[in-house]
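Got your viewer open? Let's take a walk through this structure together, one selection at a time.

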Amino acid sequence: MSRPGPKIPPLSVTDAQRVVLEGWLRRRTTAQALAQRSRIVLECAEGHSIMEVPRRLRIAPETVRTRRRRFIERGLDGLCDDPRPGVPRKITDADVERVIVKTLEETPKNATHWSTRSMAAATGMSQSSISRIWRAFALAPHRSQTFKLSTDPLFIDKVRDVVGLCLDPPEKALVLCVDEKSQIQALDRSQPVLPMMPGVPERRSHDYVRAGTTTLFAALEVATGKVIGSLHRRHRTAEFKKFLTELDREVPEGLDVHLILDNYATHKTPDVKKWLLGHPRFHLHFTPTSGSWLNLVERWFAELTQKKLKRGVHRSVQALERDIRAWLADWNEHPRPFVWTKTADEILDKVAAYCRRISDSDH
């Protein structure tokens, strides 16, 4: 019979300590490590077990034990890092906080973001010190990302519909992700491309000559990764109807066809609706407005762009279309499905958390 382990002392948080801990969590300039330790203490104070807290916060159980013990022994001071051996620090915690607050809450007068040199000049510290502080707290003012939030009133319903089709397709049906990659340019470089050599990468001229454009209509089969493609010089309802007719010819009879589409106007014209009435086995499912990232065929377009179009050289539209058809045929010889991993609830929870962060930063 195994012996019982040592009794774990209870953790309690006073009202004053709770105010400080919650303040560290809300403040944008708080170090991520300190914010995590504050969250650990608050979770333990709520009565969650040492094994439950790691699951909730997705951290190691030993981290929870260590921070819990140090808080019990030293209170709020136990959440701060212990002094390290060696030469005494020349940069104090106040200096570090000053750099972090200035980085997050201010901008230089003559630029949109800080550089290590401009921050060093503004704080009187060395450039290397600024660089170390930024790396320690994962700050990168030179980087920026874009985002787009959908304003579709049916956003939740459409997410559940599209994700449900991908994760659990109907029986005796084929689910196809459909979209158009329009205005694909046939580009020829002004000078011949210089091939790669040992120690020298492939080189190409910066300028180019346009030879025309084409549009690729593509339908990605979710289950197998196979793609049905069709090239057209124009991008109108007439071309989309031709593509629907090709899909009707390619998909075996007896199978319903569920198409995942974006909200492009060509997909909703009266002619298309009339065609759908004459082909009742076709069912259209629309992604939310500004939600084309839910359409798996966009991932396939990224493969085509990166592996064939980005560095391709084409002197005519005909040459471009031959290359696209050859690449499509090669893909279908060894198709690779893109595996969907997140449920609709996981996606919606992540979007909600992102919106909350934006709302908190505005306040």
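Start by selecting strand β1, residues 173-189, together with β2: the two pair in the antiparallel sense over 11 bridges. For a single pair to look at, pick L176, which stands opposite E221 in β2. Before we go on, note that this is a predicted model.

**Across to β3**

Now keep β2 (residues 208-221) on screen and add β3; six bridges join these two strands, which run antiparallel. Select A218 and you'll find G229 of β3 standing opposite. Then follow the chain around the hairpin of β2 and β3, where five residues sit between the strands. Stop at G225 in that hairpin: this residue takes a positive phi near 90 degrees.

Is β3 mostly enclosed or mostly open to the outside? Select residues 227-232 and see: five of the six residues of β3 are buried, so the strand is largely enclosed by the rest of the structure.

**The other side of the sheet**

Next, select strand β4 (residues 256-261) and strand β5 (residues 282-286). This pair runs parallel, joined by five bridges. One contact to click on is L261, whose bridge partner in β5 is F286. Add helix α10 (residues 270-277) to the selection, and you have a right-handed β-α-β unit made of β4, α10 and β5.

Time to show the whole sheet. In what order do the five strands lie? Reading across, it goes β3-β2-β1-β4-β5, forming an open sheet with mixed pairing. β3 and β5 are the edge strands, each pairing on one side only. Turn the view a little and look along the sheet: neighbouring strands are turned by 30 degrees against each other on average, ignoring direction. As background, strands of a sheet pair through backbone hydrogen bonds, either parallel or antiparallel.

**Into the loop between β1 and β2**

Select S205, which lies in the loop between β1 and β2. Is S205 buried or exposed? With a relative accessible area of 15%, S205 counts as buried, because the cut-off for buried is under 20%. Now add L194 and compare: S205 and L194 are 11 residues apart in sequence, and their C-alpha atoms are 9.0 Å apart in space.

**A trail of salt bridges**

Switch to side chains. How many salt bridges does the structure hold? There are 17 salt bridges. In general, side chains of opposite charge can pair when their charged atoms come close. Here are some to visit.

- Select E202 and R311. Their side chains meet in a salt bridge at 3.1 Å, N to O. The pair links distant parts of the chain, 109 residues apart: E202 is in the loop between β1 and β2, and R311 is in the loop between α11 (297-309) and α12 (317-333). E202 is partly exposed at 32% relative accessible area, while R311 counts as exposed at 53%.
- Select R233 and E321. This salt bridge comes in at 2.9 Å, N to O. The pair also links distant parts of the chain, 88 residues apart, with R233 in the loop between β3 and α9 (237-250) and E321 in helix α12. R233 counts as partly exposed at 44% relative accessibility, whereas E321 is buried at 7%.
- Select R65 and E62. Their side chains meet in a salt bridge at 3.6 Å, N to O. Both residues lie in helix α4 (residues 61-74), three residues apart, which is about one turn of the helix. R65 is partly exposed with a relative accessible area of 35%, and E62 is partly exposed at 48%.
- Select R299, E303, K307 and R336. These residues are linked in a network of salt bridges.

**Last stop: the surface**

Turn on a surface view and select F147, L149 and Y354. What do these residues form? They make up a nonpolar patch on the surface, with about 270 Å² of accessible area together. Zoom in on L149, which sits in the loop between α7 (127-136) and α8 (155-167). L149 is partly exposed, with a relative accessible area of 35%.

Conventions: Residues numbered from 1 in each chain as written. Predicted model: local features only at pLDDT ≥ 70, side-chain atom pairs only at ≥ 80, totals over all residues. Heavy atoms only, no water. Patch = residues over 30% accessible without salt bridge, like charges linked within 9 Å, V, L, I, M, F, W, Y side chains within 5 Å. Areas by Shrake-Rupley, 256 points an atom, 1.4 Å probe, with all protein chains shown as cover. Salt bridge = Lys/Arg side-chain N within 4 Å of Asp/Glu carboxyl O. Helix = DSSP H or I, 4+ residues; strand = E, 2+ residues; numbered from the N terminus. Buried < 20%, exposed > 50% of the residue type's maximum accessible area, 1.4 Å probe, protein only. Pairing = 2+ DSSP bridges. Right-handed = clockwise from strand over helix to strand, strands pointing away. Axes fitted to C-alpha atoms, helices over the stretch in contact; angles between N-to-C directions.
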